[in-house]
Amino acid sequence: MNYDYKVSAAGRVNIIGEHVDYCGGKVFPAALSLTNTVYVKANGTDKINLSWTTTDFKVSLDINDLEKYADLKYGNYQAGCALVWKNAGHKLLGCDMLQDCKVPFGSGLSSSAAIEVSTLAALAVIAGEKIDKKEIALLAQKAEREYAKVNCGIMDQYASANGLKDHAILLDCKNVSHEYVPFELGDCALVIANCNKPHSLVTSKYNERRSETEEALKLLQTVLKVDCLADVTPRQFEEYKSILPGKVKDRAEHVVYECDRVSKSVEAMKSGDIKRLGKLLCESHASLRDKYEVTGKELDVLAESAQNFDGCLGSRMTGAGFGGCTISIVKKDKVDEFKRVVGEKYAAEIGYDCSFYEAEIADGIITEKL
Ligand code: GLA
């Protein structure tokens, strides 16, 4: 089959700022060279014919009846994207689309955002529209929320669309704007490891954390004039935390201090203080483990084995948690040894292997005329 365009969008890691995007906080992700690529060609019909490089499954979506595909195992994300694209008033054309996903599924590296963003960008390209990365990110988030029913923040889709080679993205989720920061780790490399825990209940637990933070905000708004939880300073939090019940207090404590760690981490990266950055990563993991409770044994063993390795400056889970990946800052000349030692420790404690990924910090949406 011949296609007219090749459109890809990136998976991402989040360096720091976890579970704060939906609280109006700043986050610090970076797009990866692991991407979802869509090969696309308008077909002059009312159908989006989908196929994949990874499965023989094929499906044909009726562009006039897109609501009915939410339960598809493959094709649901594309249907959700086509629907939000159309409902936003854009021209939706029938097309043939081949999807090639190189972001490992369930890894916490945002395969879903990469699929959504590349699909939307492909729809824009065949409609002859200019790509507006911010709008595409927002529509992708809408598809994830309304169609896939994950009440997510904007981080993943925004990073997937707006990534810039060799730069991290300091994204302000309150006003949805960003600044690029050169991704510089000196004599260290970023190592991504997947704990390979079988996926379960991520959506329901994610949505539950989100409502706990909403409850915390409502209570704090009875004593403070703030629009979002990320606007509460550590000092204000310490002064008023006693009005929050048990777990809700813990969740809010994570958010407030994680936001503080994001500013400190950006400063550390800008000034080349990688040791400090590494320490902040470790603090973030501890808070996600003890206060936000989104890590689990597998991610804890993986992060702690990394943290104990001589030559690793810091390690933490990245993404939603409950499984998925860690990131570690490791001296370049020790990376091979790191993978061996951490891999062996992990397998000995957990009973199965973790995996390591090779990825660069890369651009977000890339379109190419074929
Ligand atoms: C998932 C969501 C993001 C963000 C992270 C946690 O990846 O899609 O919006 O909330 O979890 O930081």
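Reader: Which residue takes a positive phi in the hairpin of E7 and E8?
Author: That's Val 176, with phi near 50°. Bear in mind that this is a predicted model.

Reader: OK, and how many residues sit between the strands there?
Author: The hairpin of E7 and E8 has 4 residues between its strands.

Reader: Do E7 and E8 run parallel or antiparallel, and how many bridges join them?
Author: Antiparallel, with 6 bridges. E7 covers residues 167-172 and E8 covers residues 177-182.

Reader: Give me a register marker. What stands opposite Ile 169 in E8?
Author: Tyr 180 does.

Reader: Switching to the ligand. Where does it sit?
Author: In the largest pocket.

Reader: Which residues are around it?
Author: From the N-terminal part of the numbering you get Arg 12, Glu 18, His 19, Asp 21 and Tyr 22, among others. The shell also includes Cys 152, Gly 153, Met 155 and Asp 156, and then Tyr 206, Gly 319 and Ala 320.

Reader: How does that shell split by class?
Author: There are 5 nonpolar, 3 polar and 4 charged residues around the ligand.

Reader: What about polar side-chain atoms, say on Asp 21?
Author: One from Asp 21 lies 2.5 Å from an oxygen atom of the ligand.

Reader: And the backbone of His 19 and Gly 153, how do those distances look?
Author: For His 19, a backbone N or O atom is 2.7 Å from a ligand oxygen. For Gly 153, a backbone N or O atom is 2.9 Å from an oxygen atom of the ligand.

Reader: What percentage of the ligand's area does the protein bury?
Author: The protein buries 93% of the 310 Å² that the ligand exposes when taken alone.

Reader: Back to strands. What does E4 pair with?
Author: Strand E4, residues 47-52, pairs with E5, residues 58-62, in the antiparallel sense over 5 bridges. E4 also pairs with E6, residues 95-101, in the parallel sense over 5 bridges.

Reader: How many residues lie between E4 and E5 in their hairpin?
Author: 5 residues.

Reader: Which residues could I click on to see the E4 pairings?
Author: Try Leu 50, whose bridge partner in E5 is Val 59. For the E6 side, pick Ser 51, which stands opposite Leu 98.

Reader: Remind me, how do side chains go along a regular strand?
Author: They alternate between the two faces of the sheet.

Definitions and conventions. Residues are numbered from 1 along each chain as its sequence is written. This is a predicted model: local features need pLDDT of at least 70, side-chain atom pairs count only at pLDDT 80 or more; totals for chains, interfaces and linings use all residues. Side-chain values use heavy atoms; hydrogens and water are left out. A residue is near a molecule or strand if one of its heavy atoms lies within 4 Å of it. A polar contact is a pair of N or O atoms within 3.5 Å; within protein, one must be able to donate a hydrogen and the other to accept it, and residues adjacent in sequence count only if both atoms are side-chain atoms. Accessible areas come from the Shrake-Rupley method with a 1.4 Å probe; for residues, only the protein chains shown count as cover. On a 1 Å grid over the protein atoms alone, a cavity is a set of points where a 1.4 Å probe fits but cannot get out, and a pocket is an open set with protein on both sides within 12 Å along at least five of seven lines; lining residues have an atom within 4 Å of a point. A molecule sits in a cavity or pocket if more than half of its atoms lie within 2 Å of its grid points. Ala, Val, Leu, Ile, Met, Phe, Trp, Tyr, Cys and Pro count as nonpolar, Asp, Glu, Lys and Arg as charged, and the others, Gly among them, as polar. Two strands pair if DSSP finds at least two bridges between them. Helices (H or I, at least four residues) and strands (E, at least two) are DSSP runs, numbered from the N terminus.
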